[in-house]
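Student: Please take one part of this protein and go through it closely. I would like the empty spaces inside the fold, and then the parts around them.

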Amino acid sequence: LSQDDPLTNLNTAFDVAEKYLDIPKMLDAEDIVGTARPDEKAIMTYVSSFYHAFSGAQKAETAANRICKVLAVNQENEQLMEDYEKLASDLLEWIRRTIPWLENRAPENTMQAMQQKLEDFRDYRRLHKPPKVQEKCQLEINFNTLQTKLRLSNRPAFMPSEGKMVSDINNAWGGLEQAEKGYEEWLLNEIRRLERLDHLAEKFRQKASIHESWTDGKEAMLQQKDYETATLSEIKALLKKHEAFESDLAAHQDRVEQIAAIAQELNELDYYDSPSVNTRCQKICDQWDNLGALTQKRREALERTEKLLETIDQLYLEYAKRAAPFNNWMEGAMEDLQDTFIVHTIEEIQGLSTAHEQFKATLPDADKERQAILGIHNEVSKIVQTYHVNMAGTNPYTTITPHEINGKWEHVRQLVPRRDQALMEEHARQQQNERLRKQFGAQANVIGPWIQTKMEEIGRISIEMHGTLEDQLNHLRQYEKSIVNYKPKIDQLEGDHQQIQEALIFDNKHTNYTMEHIRVGWEQLLTTIARTINEVENQILTRDAKGISQEQMNEFRASFNHFDRDHSGTLGPEEFKACLISLGYDIGNDAQGEAEFARIMSIVDPNRLGVVTFQAFIDFMSRETADTDTADQVMASFKILAGDKNYITVDELRRELPPDQAEYCIARMAPYNGRDAVPGALDYMSFSTALYGESDL
């Protein structure tokens with residue numbers, strides 16, 4: 001345009017209007033420029049035509065913007081739904097694969113194999129489960145955020161695929177924790193059982209070896225026919241020797257019973273090598289019964305010739321009677337001194353040490369008995385030398401020699417200091433274990449109450465009304481940061497717990513907290529702070545989307561807290577009904593009132609959880625004043641773009657909408673089948689209702 005050429009300017013304007021805006025040429029430029037007062041009505045008609053042309057264009061632009069907004073929300077919601085479905089499927093699959101592993105209670109035969117299982121379980125608790133706890137928390141956050149956005153955009157609530165609801169995931173997670181609950185206890189019990197089995201098996205082998213060594217040759221001795229050709233004095237000696245053997249046999253009865261009892265206990269505890277133990281035990285018992293029968297048979301044979309016996313060496317007999325129990329006592333002492341022990345507390349090792357000191361106190365009397373027994377043998381030697389008695393240099397009543405007694409006595413004296421050293425080393429180990437218990441207890445007694453205090457503080461923040469929602473959100477995020485910064489102390493406690501388990505410490509009197517309690521409390525704390533932050537963020541979304549003031553939010557919170565009698569953070573059906581009645585809703589106890597209350601509950605509790613959250617309470621209180629899109633509004637916008645037609649074409653969509661959203665509509669709109677349809681016509685009406693869940697998209 002040129003300021004100096006009004007005639008050309010007007011002609012250009014009239015031509016452009018006629019060509020591009022469908023405004024017919026009503027005046028000549030010369031009639032306006034060359035006339036002092038142009039026709040006022042003609043001018044007004046011309047200006048009115050321009051006004052209507054530009055006004056129509058502005059409506060089309062507004063309609064397109066509205067459609068873009070609705071489609072953008074719908075696309076974002078669909079992406080969130082797909083993300084939820086994938087995350088839920090992955091988490092459920094992991095739970096499905098993990099539960100059978102935790103439910104596997106197949107025992108192992110060795111301590112090493114069971115300790116490896118315990119190590120695998122510790123790796124699961126430290127490395128594999130925590131990321132899944134975070135995924136479960138993130139899944140709930142995504143679900144709540146999606147439902148909030150759907151409510152704000154006036155869309156129907158999202159219903160996940162069958163088996164992928166939040167409740168389904170919580171049930172599956174509960175099954176996982178139920179399977180996990182008894183697994184560690186089972187592992188520790190199995191380790192204790194195997195430890196006990198190893199101890200019993202070693203004890204069985206020692207006692208069996210000692211008994212078998214003692215019984216070696218006894219059957220052959222009892223089956224001898226030496227009394228048939230013996231002299232009178234020899235017969236008397238054989239009878240006395242047999243009496244001494246019976247005394248010795250009776251002294252070994254306890255050991256045989258102990259062997260049988262240990263074998264029975266190994267069977268009851270499912271010892272893996274029970275068949276060989278049972279075979280050896282049966283052999284010992286059969287041999288013992290045979291020894292008893294042979295002993296009785298030999299006694300009867302000797303008693304038949306007892307009347308022929310006139311003399312006997314009383315000193316040999318006394319030696320045999322005293323040497324046999326003393327020898328048995330020494331064998332028992334050697335067995336006790338070499339016996340392995342398992343203790344778990346300082347008190348237990350102190351008890352063993354006290355018993356050992358009491359045993360050492362009996363050694364002087366035992367040495368006197370040994371000297372007395374050796375004195376009897378020395379006296380026999382003197383008699384033999386004095387009276388030249390032909391005793392062949394051996395005691396006819398016992399096979400226990402002074403050399404054997406001295407050898408065993410010397411062995412007992414050597415075993416005593418070894419036992420002292422073993423008890424001292426075990427005492428030092430138990431002192432170290434007690435230090436570990438106190439160290440763990442001191443930390444657990446601080447961390448446990450700290451977690452409980454933080455849980456209570458977070459609960460108070462979520463229901464109190466101090467400051468704006470942004471202030472509450474900042475406060476919660478500061479809490480979250482402080483909680484995350486506390487993680488090294490949890491890790492340190494885990495390290496102490498690992499040392500305790502490696503030391504096979506099974507109880508701790510210095511604290512009531514176990515590592516399992518601390519882990520569960522820590523996981524609940526992380527989940528609670530994340531869920532609370534998500535609730536406040538959703539409240540901010542609701543407030544901003546529906547134009548709720550901070551004063552209104554405070555009023556809503558005050559009303560909610562007033563009817564939340566149990567301070568659970570949610571309203572039960574009866575609490576919510578009392579709230580509605582106080583707000584003026586006519587909800588009686590009749591059928592009509594129950595129906596109205598059921599309708600309202602379906603709005604605030606679409607998932608039928610039986611509780612009303614504060615977010616749902618805000619949505620309900622502000623629903624009447626909400627400015628949200630509807631299916632009719634979107635339908636009207638499409639009609640504007642279509643030029644008042646009942647259908648819209650592909651070209652019109654691509655001309656009026658951005659490319660990605662135009663293609664989104666083209667891919668999802670059904671063909672229009674009305675009488676006025678043209679080739680390629682699309683049905684925007686069914687598409688609009690489908691966006692809001694009123695029909696299938």
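Tutor: Helices and strands here are DSSP runs, with at least four residues for a helix and at least two for a strand, numbered from the N terminus. The model is predicted. By that count the chain holds 24 helices and two strands.

Some background on the chain comes before the spaces. It has 697 residues, and 40% of them count as buried. Take the contacts between residues at least 6 apart in sequence: 79% of these join residues at least 24 apart. The accessible surface is about 38100 Å². Carbon and sulfur atoms account for 51% of that surface.

Now the spaces. Rolling a probe the size of a water molecule over the atoms shows where empty space is left. The largest pocket has a volume of about 1300 Å³. Its lining is made up of 47 residues. Nearest the centre of the pocket lie Asn-144, Arg-531, Glu-535, Thr-570 and Thr-613. Six elements are named as giving two or more residues to this lining: helix H4 (111–152), helix H5 (166–215), helix H13 (402–463), helix H16 (515–546), helix H19 (591–604) and helix H20 (614–622). Of the elements, H16 gives the most, with 10 residues.

Closed spaces are a separate matter. The structure holds two cavities of 30 Å³ or more. The second largest cavity contains about 30 Å³ of space. Which residues line the second largest cavity? They are Arg-122, Arg-126, Glu-494, His-497, Gln-498 and Arg-519. Two elements give two or more residues to this lining, H4 and helix H15 (487–502). The largest share, three residues, comes from H15. H4 therefore appears in both accounts, since it also gives two or more residues to the lining of the largest pocket.

Next, step back along the chain to the start of H15. Tyr-486 sits in the loop between helix H14 (469–485) and H15. Is Tyr-486 buried or exposed? Tyr-486 counts as buried, because its relative accessibility is 9% and the cut-off for buried is under 20%. Leaving aside neighbours within four places in sequence, Tyr-486 is in contact with Val-446, Ile-447, Trp-450 and Trp-522. Take Ile-447 as an example. Ile-447 and Tyr-486 are 39 residues apart in sequence, yet their C-alpha atoms are 9.3 Å apart in space.

From here, turn to the charged pairs. Side chains of opposite charge can pair when their charged atoms come close. The whole structure has 22 salt bridges. One of them joins Glu-369 and Arg-322, with the closest N and O atoms 2.9 Å apart. This pair links distant parts of the chain. Glu-369 belongs to helix H12 (residues 363–387) and Arg-322 to helix H10 (residues 314–338), 47 residues apart. Both ends are partly exposed: Glu-369 has a relative accessibility of 25%, and Arg-322 has a relative accessible area of 27%.

Another salt bridge stays within one helix. Lys-360 and Glu-357 meet at 3.1 Å, N to O. Both lie in helix H11 (residues 346–361), three residues apart, about one turn of the helix. Lys-360 is partly exposed at 24% relative accessible area. Glu-357 is also partly exposed, at 45% relative accessibility.

A further pair is Arg-655 with Glu-656, whose side chains meet in a salt bridge at 3.4 Å, N to O. Here the two partners fall into separate classes. Arg-655 counts as exposed because its relative accessible area is 56%, and the cut-off for exposed is over 50%. Glu-656 is partly exposed, with 26%. Salt bridges can also join up. Lys-207, Arg-255 and Glu-335 are linked in a network of them.

Last, the outside of the protein. Val-16, Tyr-20, Leu-21 and Phe-54 form a nonpolar patch on the surface. Together these residues have about 410 Å² of accessible area. Leu-21 lies in the loop between helix H1 (6–20) and helix H2 (29–33). Its relative accessibility is 30%, so Leu-21 counts as partly exposed.

How values were computed: Residues numbered from 1 in each chain as written. Predicted model: local features only at pLDDT ≥ 70, side-chain atom pairs only at ≥ 80, totals over all residues. Heavy atoms only, no water. Buried < 20%, exposed > 50% of the residue type's maximum accessible area, 1.4 Å probe, protein only. Contact = heavy atoms within 4.5 Å. Areas by Shrake-Rupley, 256 points an atom, 1.4 Å probe, with all protein chains shown as cover. Patch = residues over 30% accessible without salt bridge, like charges linked within 9 Å, V, L, I, M, F, W, Y side chains within 5 Å. Salt bridge = Lys/Arg side-chain N within 4 Å of Asp/Glu carboxyl O. 1 Å grid on protein atoms, 1.4 Å probe; cavity = no way out; pocket = protein on both sides within 12 Å on 5 of 7 lines; lining within 4 Å. Points joined across faces, edges and corners; volume = space filled by probe spheres on them.
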